[in-house]
Amino acid sequence: MDRGARAALQREMCRLADGDRAAFEPVFAALWPVLRAFAARALPVPAEAEDAAQCALIKVFSRAAEFDASREALPWALGIAAYECRTLRKARSRRREELRVPPEPADERTSEDAAIERDLVAAAAEVMRGLSVLDQETLLAAGRGDRESSSTFRKRLERALARFRKQWRARHGAD
Amino acid sequence: MEPIELRHRARRAYELGRARLGAKAAGAALLIAAAAVALGRPPELTALLCAALAALVAALAFRGGASARAVTAGLAAGSGAMLAPVVLMTAGCSMFGPASMRFCVPACVVAGGVVGAALALLAAREEHGAREFLLAGTAVAAVTASFGCTLGGAAGVVGMALGTVAAGAPVWLAARAHR
């Protein structure tokens with residue numbers, strides 16, 4: 001963000017803190033791309049970065065009425081975004097520790113089981129390719145165990161699963 | 001989340017933040033009312049005035065602008081004016097009869113004058129919305145001061161209001177002319 005844009009954001013943020021609702025749109029338009037880019041740099045999984053940016057934006061507006069005009073708006077907003085990213089990273093590492101399971105028993109599958117599994121994986125991959133990138137990332141994140149506790153992620157996962165099932169039925173005729 | 005949904009959620013979060021600010025202001029009004037009751041004011045009348053003050057300051061803080069900035073100044077100035085008659089009562093001044101007219105009602109007028117002058121000075125320093133600041137600040141200060149000035153009955157409240165206008169108007173005009 002260049003110097004002029006920062007000054008404009010500062011001005012609009014002060015207006016918003018003062019209760020001027022007309023400043024909402026300019027602040028939203030200026031902050032959303034910045035927070036999105038910041039979260040994308042801070043978090044490796046795009047779906048997580050998107051969620052963190054959204055949470056940060058909501059928090060920025062939630063605290064906008066208490067914004068201290070003597071502080072700079074951009075670092076203040078980025079501080080909130082950094083906190084959100086850190087919280088998400090911590091939650092993910094905690095989940096991974098919880099999900100650490102004991103090793104599976106020895107593989108007793110027959111070659112026929114293995115062939116069936118290969119076919120199923122290939123069919124699922126084909127259906128996945130028909131989904132949007134966001135749906136693919138969401139399903140992969142859930143598959144890896146990177147499930148977030150946020151309702152946003154849950155809803156996104158539900159929608160992605162519904163679309164996956166629909167495509168699966170269209171291709172293979174059953175769940 | 002779709003951008004439109006995100007925008008709606010952000011807007012709702014902003015309005016909730018402002019409502020939280022209003023609730024804090026209403027909390028300050030409750031504290032002042034509690035102090036008035038602790039200093040011996042009747043709970044029924046104080047509760048009635050407190051309800052009006054809490055609603056007023058919450059609405060002004062939620063709305064924002066100069067009127068929101070006037071809330072703190074109004075509450076502070078009004079609290080000072082509220083304490084004047086209460087302190088006189090504590091000092092032993094009679095609230096009714098001739099003694100009331102000699103000390104308490106004039107105290108309310110003087111307190112109102114100080115409130116009016118202070119608010120007029122602060123309002124004149126406002127870049128935008130000076131009138132709005134003055135009106136909102138005076139309304140908040142008047143209701144806050146009423147906690148104490150009702151000691152002198154209706155005469156106390158009217159005296160305080162007259163004092164506010166009588167002292168505030170010339171200070172306001174002089175400060176505006178000076179700018």
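**Entry 1: Phe24(A) and Phe61(A)**

I looked up the burial of two phenylalanines of chain A in this predicted model. Phe24(A) and Phe61(A) are both buried.

I then asked how many aromatic pairs there are over all chains. The count is five. For Phe24(A) and Phe61(A), I noted 4.7 Å between the ring centres and 45° between the planes. I entered the pair as tilted, because 45° is neither under 30 degrees nor over 60.

Which parts of the chain does this pair link? Phe24(A) belongs to helix 2 of chain A, residues 24-42, and Phe61(A) to helix 3 of chain A, residues 46-62. The two residues are 37 apart, and I recorded the pair as a link between distant parts of the chain.

I also checked for a cluster around these rings. Ring pairs join Phe24(A) and Phe61(A) with Phe28(A) in one cluster.

**Entry 2: Phe164(A) and Trp168(A)**

I turned to another aromatic pair, Phe164(A) with Trp168(A). Their centres are 6.1 Å apart and their planes 25° apart. I logged this pair as stacked, since its angle is under 30 degrees.

Both residues are in helix 7 of chain A, residues 151-172. They are four residues apart, so about one helical turn separates them.

Are these two residues buried or exposed? Phe164(A) has a relative accessibility of 17% and therefore counts as buried. Trp168(A), with a relative accessible area of 14%, is also buried. The cut-off I applied is under 20%.

**Entry 3: Arginines over rings**

I searched for charges over ring faces and wrote down two cases that involve both chains. Arg11(B) lies over the face of Phe24(A), 5.4 Å from the ring centre. Phe24(A) is thus a residue I had already listed, in the tilted pair with Phe61(A). In the other case, Arg21(A) lies over the face of Phe62(B), at 5.0 Å from the ring centre.

**Entry 4: The second largest pocket**

I looked up the second largest pocket and noted a volume of about 230 Å³. Its lining has 13 residues. Those closest to the centre are Leu21(B), Ala61(B), Ala68(B), Arg69(B) and Thr72(B).

Which helix supplies the largest share of the lining? I found helix 3 of chain B, with five residues. Helix 3 spans residues 66-90. Helix 1 of chain B, residues 3-38, also supplies at least two lining residues.

Sorted by class, I have seven nonpolar, two polar and four charged residues in the lining.

How values were computed: Residues are numbered from 1 along each chain as its sequence is written. Chains are lettered from A and ligands numbered from 1 in the order in which they are written. This is a predicted model: local features need pLDDT of at least 70, side-chain atom pairs count only at pLDDT 80 or more; totals for chains, interfaces and linings use all residues. Side-chain values use heavy atoms; hydrogens and water are left out. On a 1 Å grid over the protein atoms alone, a cavity is a set of points where a 1.4 Å probe fits but cannot get out, and a pocket is an open set with protein on both sides within 12 Å along at least five of seven lines; lining residues have an atom within 4 Å of a point. Grid points are joined across faces, edges and corners, and a volume is the space filled by probe spheres set on the points. Ala, Val, Leu, Ile, Met, Phe, Trp, Tyr, Cys and Pro count as nonpolar, Asp, Glu, Lys and Arg as charged, and the others, Gly among them, as polar. Rings of Phe, Tyr and Trp (its six-membered ring) pair if their centres lie within 6.5 Å; planes under 30 degrees apart count as stacked, over 60 as edge-to-face and the rest as tilted. Buried means under 20% relative accessible area, exposed over 50%, partly exposed in between (1.4 Å probe, protein chains only). A charge sits over a ring if NZ of Lys or CZ of Arg is within 6 Å of the ring centre and within 35 degrees of the ring normal.
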